[in-house]
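I opened a fresh page for this one and kept my notes short. Come along as I look things up one by one.

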Amino acid sequence: MTATQLLALLLAFSAALHLGGAAAFTAWRGGTPVAHALLIGGGATGSACALYVSAVASYR
């Protein structure tokens, strides 16, 4: 794995974690209990990672 590929992967994971954190925070501020908000954030993070992996897989 080249340095460019590694940096792109780290950027994608960072973006996914930020997206999940924002989703969890938004859900929590909207009145959802903390446990459910964390599940929502985890789902958003997993979805973003899955979209990135599927995009890379379809590119190859």
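**Starting at a glycine**

I began with Gly43, which is partly exposed because its relative accessible area is 38%, and that value lies between the 20% limit for buried and the 50% limit for exposed. I should say right away that this is a predicted model. I then checked where Gly43 belongs, and found it in helix α2, which covers residues 34-59. Next I took the distance from Gly43 to Met1: their C-alpha atoms are 28 Å apart, with their positions 42 residues apart along the chain.

**The whole chain**

How many helices and strands does the protein chain have? I counted 2 helices and 0 strands. For the overall extent, I noted a box of roughly 45 × 20 × 15 Å along the principal axes, filled by the C-alpha atoms. The radius of gyration is 14 Å, whereas a compact globule of 60 residues would come out near 10 Å.

I also looked at the surface. The chain has about 4500 Å² of accessible surface, and carbon and sulfur atoms account for 74% of that. Of the 60 residues, 17% are buried.

**A buried alanine**

Is Ala27 buried or exposed? I wrote down buried, because its relative accessible area is 13% and the cut-off is under 20%. Ala27 is part of helix α1. From Ala27 I went across to Leu38: the two are 11 residues apart in sequence, and their C-alpha atoms are 8.6 Å apart in space.

**Two rings and a charge**

I searched for aromatic pairs and found 1 in the structure. Phe25 and Trp28 make up this pair, with 5.9 Å from centre to centre and 50° between the planes, so it goes into my notes as tilted, since the angle falls between the 30 and 60 degree limits. Both residues lie in helix α1, 3 residues apart, or about one turn of the helix.

How covered are these two? Phe25 is partly exposed at 48% relative accessible area, and Trp28 is partly exposed too, at 42%. I then spotted Arg29, whose charged end sits over the ring of Trp28 at 5.9 Å from the ring centre.

**A nonpolar patch**

Which residues form a nonpolar patch on the surface? I listed Met1, Leu6, Leu7 and Leu10, which together have about 460 Å² of accessible area. So Met1, my far point from the Gly43 entry, turns up again here.

I picked Leu10 for a further look. Leu10 is located in helix α1, which runs over residues 3-29. Leu10 counts as partly exposed because its relative accessible area is 49%, and a residue needs over 50% to be called exposed. Patch members need over 30%, and Leu10 meets that with its 49%.

Key
Residues are numbered from 1 along each chain as its sequence is written. This is a predicted model: local features need pLDDT of at least 70, side-chain atom pairs count only at pLDDT 80 or more; totals for chains, interfaces and linings use all residues. Side-chain values use heavy atoms; hydrogens and water are left out. Patches are made of residues with over 30% relative accessible area and no salt bridge: like charges are joined within 9 Å, nonpolar side chains (Val, Leu, Ile, Met, Phe, Trp, Tyr) within 5 Å. Accessible areas come from the Shrake-Rupley method with a 1.4 Å probe; for residues, only the protein chains shown count as cover. A salt bridge is a side-chain nitrogen of Lys or Arg within 4 Å of a carboxyl oxygen of Asp or Glu. Helices (H or I, at least four residues) and strands (E, at least two) are DSSP runs, numbered from the N terminus. Buried means under 20% relative accessible area, exposed over 50%, partly exposed in between (1.4 Å probe, protein chains only). Rings of Phe, Tyr and Trp (its six-membered ring) pair if their centres lie within 6.5 Å; planes under 30 degrees apart count as stacked, over 60 as edge-to-face and the rest as tilted. A charge sits over a ring if NZ of Lys or CZ of Arg is within 6 Å of the ring centre and within 35 degrees of the ring normal. The radius of gyration is taken over C-alpha atoms; the globule rule is 2.2 Å times the number of residues to the power 0.38.
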